[in-house]
Amino acid sequence: NGSITSSVSANVDAGFSIVSYTGNGNASQTVGHGLSSAPDVMLVKNRDDTDSWVMYHHQNTSEPATERLVLNTTAATLDRAQVWDDTLPTSTVMHIGTDVRTNANSEKYIAYYFHSVDGYSKVGSYTGNGNADGTFVYTGFRPMFVLTKQSSTTGSWTIHDAKRDIDNPLFNELIANGSDADHTSDADMDFTSNGFKIRRASGQFNTNGATVIYLAFAESPFKYSNAR
């Protein structure tokens with residue numbers, strides 16, 4: 001599918017695909033992603049250049065197709081029409097413009113696509129409150145992995161998981177955009193049977209009033225699971 005030929009490896013049931021394609025530098029192009037629903041997250045990297053990773057997240061703003069996030073920096077979301085061509089992805093293709101991070105002529109790209117799958121994965125957002133009694137985020141499953149980023153302001157991409165922290169609260173915080181060791185000085189969040197609960201008053205994932213986007217995967221890929 002799409003105006004640009006793509007090579008696709010997709011697990012439709014898991015809502016995940018990996019796609020390679022070669023850009024043509026033209027405006028208003030499309031690339032097939034191989035999924036059965038529109039992606040909630042799209043990550044694209046130019047493999048022929050040192051350009052940053054760009055991300056689309058469906059709850060980044062009220063108009064996510066006009067915006068781009070950068071996985072390897074702390075930058076806030078930025079309006080950049082040429083990245084996603086100001087057009088939402090569909091159940092068959094993503095739209096790209098003339099930005100070098102998604103469509104430079106003759107340059108090769110790798111793209112990763114995700115959408116939420118009931119009981120397995122969840123892509124969403126919440127609003128930070130700056131309080132140790134933080135937001136509870138419903139995912140419908142007990143998480144194994146949670147990636148968060150406050151998108152409305154600058155802040156790091158943080159990773160929490162149930163392998164480094166085997167019980168609540170979770171202290172071990174990794175930074176995806178940096179080479180930092182684990183941050184372990186504060187209780188960050190709890191993983192519950194049906195979501196996660198923020199426990200830290202400050203930090204990159206609970207700034208008061210900030211929009212925080214997340215990508216979460218289940219510990220047990222079933223609709224019903226027990227508390228830890």
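Rings of Phe, Tyr and Trp (for Trp, the six-membered ring) are taken as an aromatic pair when their centres lie within 6.5 Å; planes under 30 degrees apart make the pair stacked, over 60 edge-to-face, and the rest tilted. By that yardstick, the structure holds ten aromatic pairs. A word on the ground rules: this is a predicted model, in which local features need pLDDT of at least 70 and side-chain atom pairs count only at pLDDT 80 or more, while totals for chains, interfaces and linings use all residues. Residues are numbered from 1 along each chain as its sequence is written, and side-chain values use heavy atoms, with hydrogens and water left out.

One of the aromatic pairs joins phenylalanine 16 and phenylalanine 114, which are stacked at 4.8 Å centre to centre with 20 degrees between the planes. Phenylalanine 16 belongs to strand β2 and phenylalanine 114 to strand β9 (residues 108-114), so this pair ties together parts that are 98 residues apart in sequence. Strands here are DSSP runs of E with at least two residues, and helices are runs of H or I with at least four, numbered from the N terminus. Tyrosine 21 and tyrosine 109 are stacked too, because their ring centres are 5.1 Å apart and their planes are at 10 degrees. Again the link runs from β2, home of tyrosine 21, to β9, home of tyrosine 109, so parts 88 residues apart in sequence are tied together.

As for burial, the cut-offs are under 20% relative accessible area for buried, over 50% for exposed, and partly exposed in between (1.4 Å probe, protein chains only). Tyrosine 109 is buried at 0% relative accessibility, and tyrosine 21 is buried at 3%. Phenylalanine 114 is also buried, at 15%, whereas phenylalanine 16 comes out partly exposed at 27%. Both phenylalanines turn up again in one aromatic cluster made of Phe16, Phe114, Tyr120, Phe145 and Phe217.

Zooming out to the strands, an open sheet of seven runs in the order β1-β2-β9-β4-β5-β6-β7 with antiparallel pairing; two strands pair if DSSP finds at least two bridges between them. At the edges stand β1 (6-11) and β7 (78-79), each with a single partner strand, so one side of each has no neighbour in the sheet. Strand β6 (residues 67-70) meets β7 in the antiparallel sense over two bridges, and glutamate 67 has aspartate 79 in β7 as its bridge partner.

Serine 121 sits in strand β10 (residues 121-127) and is buried at 5% relative accessibility. Its side chain reaches the backbone oxygen of histidine 115 at 3.4 Å. Contact means heavy atoms within 4.5 Å. Setting aside neighbours within four places in sequence, serine 121 is in contact with His115, Ser116, Phe141, Ala216 and Phe217, the last of these being a member of the aromatic cluster.

Asparagine 24 falls in the loop between β2 (16-22) and β3 (29-32), and at 22% relative accessibility it counts as partly exposed. The side chain of asparagine 24 reaches the backbone nitrogen of asparagine 26 at 2.9 Å. With neighbours within four places in sequence left out, asparagine 24 is in contact with Ile4, Gln29, Asn103, Ala104 and Asn105. The C-alpha atoms of asparagine 24 and alanine 104 are separated by 6.0 Å, although the two residues are 80 apart along the chain.

Methods
A polar contact is a pair of N or O atoms within 3.5 Å; within protein, one must be able to donate a hydrogen and the other to accept it, and residues adjacent in sequence count only if both atoms are side-chain atoms.
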